[in-house]
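Visitor: I am new to reading structures, and I would like some help with this one. Could we go through it together, step by step?

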Amino acid sequence: MEFLELLNFYIIPGLVLGSIYALGAVGITLVFAILRYAHLAHGDIATLGAFVAFAAVTLLGLPVYAALPVAMVVTAFAAVGIDKLFYDYLRERPRIVTVMASLGVALMVRSLVQVIWGVDAESYIRGIARPENWWGIRLKDREIVTILTMIGLVLALQLFLMKTKWGKAMRAMSDNPNLALLSGVDNGKVVFLTWLIVGGLCAASGFFLGLNTELKSMMGWQMLLPMFAAAILGGVGRIEGAVLGGLIVGVAEEVSVIFIPSEYKAAMAFVILLLMLLLRPTGLLRGKVL
Amino acid sequence: MLEVENLVMEYGGFRAVDRCTLTAEEGHITGLIGPNGAGKTTLFNLIAGAIEPTSGRIRYMGEDITHLSADKRFHKGLVRTFQIPHEFHRLTVLENLMMVPGHQAGESLFANWFAWGKVAGDERETERRAWETLEFLELTHVADERAGNLSGGQKKLLELGRTMMTDARLVLLDEPAAGVNRTLLRKLEEKIAILNKERGYTFILIEHDMEMIEKLCHPVICMAEGTVLIEGDFQTVRSDPRVLEAYLGETVGDAA
Amino acid sequence: DVKIGLLGGVSGPIAAMAPAMIDAAQLAVQQVNDQGGILKGEKLIPVVGDSACNPQNATDAATKAVNIEGVVAIVGPHCSGAVLAAANSVAVPAGVVIITPSGTSPEISKLDDKDLVFRTVPSDDFQGRALARTLLERGTNKVAVAYLNNDYGKGLAEAFKAEFEDKGGDIAGFAAHEEGKASYRSDLAELANGGADTLVIFDYGDGAGLTMLRQALENGFFENFVGGDGMKSDAPIAELGAENLTTFTASSPVGAKSDALDVFNEAFKEVGGDPDAIFVTTSYDAAFLAALAIEKAGGDKAKVAEALRSVSDGKGEVILPGEWKKAKELIAAGTDIDYKGAAGDHDFDELGDVPGVYALFKVQDGAFVVDTEMK
Amino acid sequence: MEWIGLLNYAVFMAIFICIYGLLALGLNIQWGFTGLFNAGIAGFFAVGAYASAILTTPEAAGRIGGFDLPVPVGWAGAMVLAAAIAWPIGKICLRFRSDYLAIATIGVAEIIRLVVKSEDWLTNSARGVTNIPRPFGDLPYVQSQLAYLALVGGILLVVYLLVERQIAAPWGRMMRAIRDNELAARAMGKDVPFRRLEAFIFGAALMGLGGALFAHLNRAITPEAIDPMVATFLVWIMLILGGSGNNRGAILGVAVVWVIWSFSEILTDQFPPEIAIKAKYIRIFLIGLMLQLVLRFRPEGILPEPQRGVSGKKDL
Amino acid sequence: MSPLLDMREVRGGYGDADILQGVSLNVAPGEIVAIVGPNGAGKSTAMKAIFGLLHVRGGKITIDGKDITGLKPNLIVQAGVCYVPQVDNIFREMTVHENLEMGAFLRSGDQTRAYDRVYGLFPDLKERRKTLAGNLSGGQRQMVAMGRALMLDPKVLLLDEPTAGLSPRYMEQIFQICRDVRDDGVALLLVEQHAKQALAFSDRGYVLASGANRHEGTGAELLADREVAEMFLGG
Ligand SMILES: Nc1ncnc2c1ncn2[C@@H]1O[C@H](COP(=O)(O)OP(=O)(O)OP(=O)(O)O)[C@@H](O)[C@H]1O
Ligand SMILES: Nc1ncnc2c1ncn2[C@@H]1O[C@H](COP(=O)(O)OP(=O)(O)OP(=O)(O)O)[C@@H](O)[C@H]1O
Ligand SMILES: [Mg+2]
Ligand SMILES: [Mg+2]
């Protein structure tokens, strides 16, 4: 196979897909690390974000890319609200209870989306967009935007966590919540911040998924498992790990078609994950053992 | 009884235990002291099989156990306590003790379903022994409390109690006194001495409480930076200038 | 009042397709009620149940419909697995007729069903073969096939492949895919490697099929695209734009008397439905046939199956979609009637299956129009 | 007439509750008592269902089979095969800690699902296996339902008693100890990997049995039955709502979830028919909401895990 | 002098049962007060009560005359109280240095001097500042926990068995630090099982047993009391 073909039809789509996974996986890993549970409503909140952006485009008439920040903000606050309503009072309980609550939230959010926007496939921009040719490399502007935005958001997040006081407080909270309290950290504020960030990232992943394909009410739920695989692959609690995990899963899924029957493509994320867990049970970048 | 030869444990380039060689004689209570971070607990972890050494050998009653799993070592009579209590927090205190004895009939699924009588008989005996232990540790009033709800010192007592539930041969005690009330501690010392004399348990005891070390231990080994600094009777070790400097500090050294 | 069950995969994987199908069935019910009701002027009441496309929910919904609601016949469920479960464990033992508008699996034919299980959608076999022959006739003899990995996609694809190769065609790529993925570009690239310029997609036009079609168009993977009835959906036109679909055709079952289809299309548009949505014609027909059979059987559950065969056996006065009043009068008069549906004539064979009559549709002026009749 | 219909429906629900009760008990052994986060229930369910289906069905073209064995053999086979599959999976995956184990088992279940869906020779792929014999299937509807209920109810009862006994015994205590603190359990001489594997396999066998009972109930099994939502997550909801670590709670949880399931439909059926479809979405919303409400007011589950081993209960 | 920290007749517990059955104690500025008593007496529980980690069902706790009963812990820290719990008192997944940074969470401005002071007290920590605290030895963790508390420069410092597991040399050093801190005007309340040593340098002491006050007095008085010595101090 020609190198350019490999790049154009396997690697680049893989990276774009991987960026979308990465945005979701970063959120998952944050919830995992700070709040300590598997958040199963992640995919459906991403769907919500995508449809909020859709509403911004169709109702407010915003340009597509301008809808992204709107969706991120709205979804961020929606996530905070969901936390207040459904997770907050379970904080002292075993984590598994919150996992189940998040499953309930997934159902609720999905049915809300279905009631409000229906179940038909939608898209931000009707019609098709053909890629530009850059010295043989075929790229669409929306793909470039997807990858760059992902990198930008993740870098900003990483800076925030490592350099700012509140970032450190979030890590402390994820480590020993009681002691964080005793150090003067306001846990309510940390949880609030976490959901703000997670909600925003969720919306971004949903938005880019919708931008690169179509919007469907089940789209987020169907992305949930690969996103989780990516988060674990990278090592729980590791932002850069989640990005790496997302990209690997994305590229692996696309490239796998060359080697295995394509009906097994969906298993690729898990095959990699299982292999990796066998060799490095803590994830690619050493994550925390929960 | 126990021989440790050139044992090394490395954590990412840092040697917590560094070519450590020592022996513990059958029937003795060997004291193990040393500054914080000297590698005492790590050494215990190695001996008990919680972690595998980077290199070196451990022999127990003439047998090389370097790569044996922790549970197998337990069944050979090698029992340890944890410095930071590792109680089963959702089990009651009584259950914490009752789960200790090895090879209980009721631990096999088939015995449970088909040999009910034997299981029950076993249980009665275990329970009797557990109550005895509780009485001794003055913990009867919390027998039905979840172990996770115990106070810090009570947890340490429970740790110790577990070693009393089996017929151990070599018991590794990691700072049994830390956080334990002194009045009770004096009684524990007696009990350890009794176990040692009457039942023939061999002990290795990590402690920072010099009174206890002095009372019980012979010989005393002082570790520093992962390796043995000096070994001898308490007086010799205590007056060694290196021990004074690294471990006891001038004032305490004089007072002890 | 007389109740019929409308079971569909409202939630779950085909959530996007189910509403239109149920709406179409509701249209039939509404026409019955508007034109004098059923039996002695009673109302036909639809009981909508969510079979969620899995046997667990399907049996629950079917049991409820049969036992609690006391339905006389069931239209649905939509997915083959749900049909098998609902039929086996509820409808057949309880003696209730079940007509699925979209369960295309050949396993349904094999059911030991005491002649209670019918379908208004042809088994995949027919369509796959017909499509293969038509493409060969049109001179397309090298294609790549992408199909959704479920009973629908697989059934069609395998029938197509067998016939196409049998008749001398060349399958240059043949691959299944899972639904709900964000990218099928590598799948497409692999398929394109075979050198075919026509891609046959057996998938749903508002599901993965849409994504696939989009990505193939955007990246210029194939020149011509052919779909099964699942692809004859409004979604590709709405999302991709008719101007980009000039090389896209899709097969779909039609009545021999294709007036029937036009009649239905008109009526469905009037109530705000989209007649190009997937399986709406079969859904409508299933519900209308159920109503006819109940009327014919005089409301007796045990006779519905027999009546169903007699109102569609190709003999008697022709009834087109929506002609409830006429049908009711004829039945009252004891005249034989024969329903010719929007999706075909529905002359059930002994297994309860219908042979299909198909046409190939193309996109013109933002809608599907018949391009070629298929034999 | 009306009440007979309701009764029929109740019988049907009871059958379902018994089958899912087996799944919940299996999960309870794994999670409730041992702390193994198995999120791949669907996989074992599938293995059991298909194993029994293949063993008991007559010859069918295109796939292995034609063994036509008696039903009990099929059920035993389902348990054995599910256990046999669980063995290597457990061997590999049980080394991982909770959440990692969850995702690893989800992965395995997805792979099993894809195999079941794609391999013609083994499972007739997406079309599924049909003509599975159903015990008492030839009786009239009502009798046959009742007979099947008696059968699955009996099985559930036996399993329940076995599990209860084993949990109350030192075995259960040991497992709870392992769940609490693996390191200490090892230091106390418990062969942790072996014990966890034991619990994993035992739970998996029950899940396999549940799958088999389900396949025979419907006389057919298709890949749609092993969707993670209905075959994994639903069981989790049941267990957690009912009370993990409590066998009666587990079974009660199954019942409660099915009741919520049905009740929500009855509620949404009150909406006018014009929005019958929207009503179904609202139903899913209500199910989610009711789940939240139960969690809100009974976060330990409806029947919380009892504090076992309290010494008052000496007559063990 | 009015007490800085005052706890009056406090009752409360973790669940429904009252562990504390009326505990009163107070600490004045610049004073070291020791709490001793058997295991399970409620010493740690009393400290947690001050920090709002308990259901307090009766009594009152004030700081500087301000009522802090039932306040959230992070607000109590803001009031200038710092607490080193007996167990679980470090951030395991953060480095030693980050643990100290968390100690200074509420302080703004340059902390170089505070770090220098802590590292000066515990040179071992300086060596291992990049190590994850969870990988430290038992004694080293105790140092991190102390260091974290000292970073805040509190008005009142609550220490729950600060010397448990420390080598004799460090024990002495910790006691010395306590005295130094006291000399800076900080009030100290500490729970100790090294009761003799602790009482010897404390200004006052309380003996708790079964969740209630049993004895109180100056350190010297308690040491001299025969009953106290026999029952609680190990003879
Ligand atoms: N998992 C680990 N990773 C990295 N370093 C470790 C790990 N475990 C222990 N260490 C280091 O090894 C050294 C020895 O630790 P150990 O716990 O054996 O000390 P110790 O002698 O028991 O001290 P103490 O008396 O304070 O309990 C310490 O410096 C510690 O930081
Ligand atoms: N989280 C908890 N839930 C329920 N009971 C608890 C909890 N923590 C402690 N207790 C109980 O409260 C009592 C007092 O405990 P506390 O920790 O205050 O003792 P302490 O005096 O600090 O003892 P030590 O010297 O051993 O640390 C004990 O009997 C203990 O069982
Ligand atoms: Mg130690
Ligand atoms: Mg305490």
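Guide: Gladly! Please keep in mind that this is a predicted model. Let us begin with ligand 2.

Visitor: Which residues come nearest to ligand 2?
Guide: Here a residue counts as near when one of its heavy atoms lies within 4 Å. There are 19 residues around ligand 2. The ones that come nearest are B:S151, B:G153, E:K43, E:S44 and E:T45.

Visitor: Between which chains does ligand 2 lie?
Guide: Look at the letters in front of the nearest residues: B:S151 is one of them, and so is E:K43. The position of the ligand fits those letters, for ligand 2 lies between chains B and E.

Visitor: How many Å separate an oxygen atom of ligand 2 from the side chain of B:S151?
Guide: Ligand 2 has oxygen atoms facing both backbone and side-chain partners. On the chain E side, a backbone N or O atom of E:G40 lies 2.8 Å from a ligand oxygen, and a polar backbone atom of E:G42 is also 2.8 Å from an oxygen of the ligand. For B:S151, the partner is an N or O atom in the side chain, and the distance is 2.6 Å.

Visitor: What share of the accessible area of ligand 2 does the protein cover?
Guide: On its own, ligand 2 has 630 Å² of accessible area. Elements that give two or more residues to its shell are α6 (152-163) of chain B and α1 (43-50) of chain E. By class, that shell holds five nonpolar, twelve polar and two charged residues. The share that the protein covers is 88%.

Visitor: Where does ligand 1 lie?
Guide: This one has 20 residues around it, and the closest are B:N36, B:T41, B:T42, E:R128 and E:G139. Their letters are B and E, and ligand 1 indeed lies between chains B and E.

Visitor: How many Å is an oxygen atom of ligand 1 from the side chain of E:R128?
Guide: Let us take the chain B partners before that. A polar backbone atom of B:A38 is 3.1 Å from a ligand oxygen, while an N or O atom in the side chain of B:Q83 is 2.8 Å from one. For the side chain of E:R128, the distance from an N or O atom to an oxygen of ligand 1 is 2.5 Å.

Visitor: How much of the area of ligand 1 does the protein cover?
Guide: The starting value is the 630 Å² of accessible area that ligand 1 has on its own. Two or more residues of its shell come from each of β2 (14-24) and α1 (40-48) of chain B and α6 (138-151) of chain E. The covered part is 89%.

Visitor: How much area do chain A and chain E bury between them?
Guide: The contact takes 19 residues from chain A and 21 from chain E. Of the buried area, 61% is on carbon and sulfur atoms. In chain A, the residues that lose the most area to chain E are A:D175, A:L179 and A:L182, together 32% of what that side buries. The total between the two chains is about 1,900 Å².

Visitor: Which residue forms a salt bridge with A:D186?
Guide: Three salt bridges are found across the interface of chain A and chain E. In the one with A:D186, the closest N and O atoms are 3.6 Å apart, inside the 4 Å limit for a salt bridge. The partner is E:K72.

Definitions and conventions. Residues numbered from 1 in each chain as written. Chains lettered and ligands numbered in written order. Predicted model: local features only at pLDDT ≥ 70, side-chain atom pairs only at ≥ 80, totals over all residues. Heavy atoms only, no water. Polar contact = N/O pair within 3.5 Å; in protein donor to acceptor, adjacent residues only side chain to side chain. Areas by Shrake-Rupley, 256 points an atom, 1.4 Å probe, with all protein chains shown as cover. Helix = DSSP H or I, 4+ residues; strand = E, 2+ residues; numbered from the N terminus. Nonpolar A, V, L, I, M, F, W, Y, C, P; charged D, E, K, R; others polar. Contact = heavy atoms within 4.5 Å. Buried area = accessible area lost by both parts, 1.4 Å probe. Salt bridge = Lys/Arg side-chain N within 4 Å of Asp/Glu carboxyl O.
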